[in-house]
Amino acid sequence: MQSIVNRVAIGDILRRNAARFPDKVAIIDGGKRITYRELDQLSNQFANYLLSSGYTKGDTILTICMNSWEYVVIYNGIAKAGLIWVPINPGISINEKLYILDQVEAKLIMGDAPLIQNDIETFKKSCQNILAVRGSLGDTNTFLLALEDQSEVEPEVEIEDRDVAQIMFTSGTTGNPKGVMTSHLAVYIASLGNIIESNFQEDEKTLTMMPLFHCAQHTFTVSALHRGATSVVISGFEPEALMKTIEDHQITNMFALPIMYKALLYHPNRPKYDLSSLRRCTYAMAPMDRQTLEKCIHEFKAEFALGTGQTEIYPATMTFRPEEQLRRFGSYWGTSNLINDTAIMDDDGNILEKGQVGEIVHRGPNVMNGYFRNEEETAKSRAFGWHHTGDLGYWDEDGQLVFVDRKKDIIKTGGENVASIKVEGVLLTHKDVANAVAVGLPHERWSEAVTAFVVLNPGSQATEEDIINYCKEHLGGFQVPKSVVILEQLPLTATGKIQKHVLRRQYTNHYQITN
């Protein structure tokens, strides 16, 4: 059939690499090592299980799992079967999980037993079919049992390149989460682009540490497997355990958050570990302050690069490249990856020149098919023939893109616009600040007051006054926080993004109470 002759499909990646280097290790998870031949066969077995169980092309399979070798098999098996993978963040509320479950009308729920066992009866009201991935749920079937007696031969399934391969839901910071429909083509082409942009080599040992249910880690792992590299899977971040993993497995290429690199950098036991295998360190979700970046590059002796993207435009879309890291500092996103066009647009659809601030928009094969069952929001997202990110930015004189802020995060205070990211950049350079965020809170005089929330380094005695005085030295008067709230921790998503909407909601009456 034609769709097999010239198709572009995620499942084909493993089959081709199984033929190229069958005995090479593809996945390491603890003591488990899986070759490319085995990974392909296991994925085929799971695909055949799904099809033999009566699931048909287009059915949705929902997963609630932490990182594991099984999870890699699962999402590849779903793709090979022509079904749709719907990963869920285990950390969201049961109501959010049920909302997603009901939206996609999932035919099967798969989850690690500890993550779903308390909600089994609730889930069964919407979906009777439940499969335990790690652990046991009593009389419920398990993933490993499902593979038994299944053929290791890949099933013949008609897959078109724009068929939906996965639906990843956004965080829903302003309402219910939206399901982002991503095609086989988007994942396949983006991963090839990432290989070229990141100079992935076949001898790489890459790290799968950030959650696979998020597009950033998923694209990093797919790209590594597409190149024929070896991925070392761990679940969760603990600095010393990570350093041991890097040393033991000679990790060459990793993806982590800036705050994680900072934790490694200043860990008292870092000298005990050999981290010299690192070649390239990718960071995302936030810029890295100059002091930390310079020290990381010097100490780790590895390339550092910032990658950006969205669930809606399968990452990466832009890269702030290693050769630019020490040439310019600030909220740089760099230049477009080779599969994307990027422009700056005003509200009327006009493309802006260098130096003009507007919305960052993209075009490319990795743009989503659309929001699931939400034609209105889909249409808004692609007005004027471009994908709209909701991010503001501008091109500098050298053609490097500078991120200004999320449209919704611009603080409008006393008639002035303040980019929250500018305030945050200063806060993070304070010697006593471990993490920080700035938001606008309702204020009778200023409309919105610039307000900082900070987490201090262990043992620090810095006060609100200390931090405000520091900001006065580095910011314009209207940009200085009117208040600094010192917290034990900031509300974070599973991928380390600070949840500003949570702080806005919790502290909406902050100035009415304190002033």
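The turns below ask how labels given to parts of this predicted model follow from the computed values.

User: What makes a feature count in this model, and how are residues numbered?
Analyst: The model is predicted, and local features need pLDDT of at least 70, side-chain atom pairs count only at pLDDT 80 or more, while totals for chains, interfaces and linings use all residues. Residues are numbered from 1 along each chain as its sequence is written, and side-chain values use heavy atoms, with hydrogens and water left out.

User: Why is lysine 301 called exposed?
Analyst: Exposed means over 50% relative accessible area, buried means under 20%, and partly exposed is in between (1.4 Å probe, protein chains only). Lysine 301 has a relative accessible area of 67%, so it is exposed. Lysine 301 also has a positive phi of about 55 degrees although it is not a glycine. Its place is the loop between helix H13 (290-300) and strand E13; helices (H or I, at least four residues) and strands (E, at least two) are DSSP runs, numbered from the N terminus.

User: Why does arginine 373 count as exposed?
Analyst: Its relative accessibility is 56%, so arginine 373 counts as exposed. Arginine 373 has a positive phi of about 50 degrees, again without being a glycine, and it is found in the loop between strand E18 (370-371) and helix H14 (375-381).

User: What makes the bond between proline 315 and alanine 316 cis?
Analyst: Omega is about 0 degrees for the peptide bond that joins proline 315 and alanine 316. Alanine 316 sits in the loop between strand E13 (303-308) and strand E14 (318-320).

User: Why is helix H12 said to be largely enclosed by the rest of the structure?
Analyst: Of the 8 residues of H12 (residues 258-265), 6 are buried, so the helix is largely enclosed. The buried residues are Pro258, Met260, Tyr261, Lys262, Leu264 and Leu265. They pack against partners including helix H11 (239-249), strand E11 (253-256) and strand E23 (433-443), where contact means heavy atoms within 4.5 Å.

User: How do you know that cysteine 215 and cysteine 296 form no disulfide?
Analyst: A disulfide is a pair of cysteine sulfur atoms within 2.5 Å. The sulfur of cysteine 215 is 18 Å from the closest cysteine sulfur, in cysteine 65, which is too far for a bond. For cysteine 296 the closest is in cysteine 281, at 7.6 Å, also too far for a bond. The structure holds 0 disulfides. Cysteine 296 is buried, with a relative accessible area of 0%.

User: What makes a set of residues a nonpolar core?
Analyst: The set must consist of buried Ala, Val, Leu, Ile, Met, Phe, Trp, Tyr and Cys residues joined through side-chain atoms within 4.5 Å. The largest such core has 53 residues, and those with the most contacts inside it are Met254, Tyr261 and Phe304. Apart from it lies another core, of 50 residues, among them Tyr49, Val72, Leu147 and Leu185.

User: What makes the lining of the largest cavity uncharged?
Analyst: Asp, Glu, Lys and Arg count as charged, Ala, Val, Leu, Ile, Met, Phe, Trp, Tyr, Cys and Pro as nonpolar, and the others, Gly among them, as polar. The lining divides into 6 nonpolar, 2 polar and no charged residues. It consists of Ile10, Ile13, Leu14, Tyr75, Asn76, Val222, Leu225 and His226.

Key:
On a 1 Å grid over the protein atoms alone, a cavity is a set of points where a 1.4 Å probe fits but cannot get out, and a pocket is an open set with protein on both sides within 12 Å along at least five of seven lines; lining residues have an atom within 4 Å of a point.
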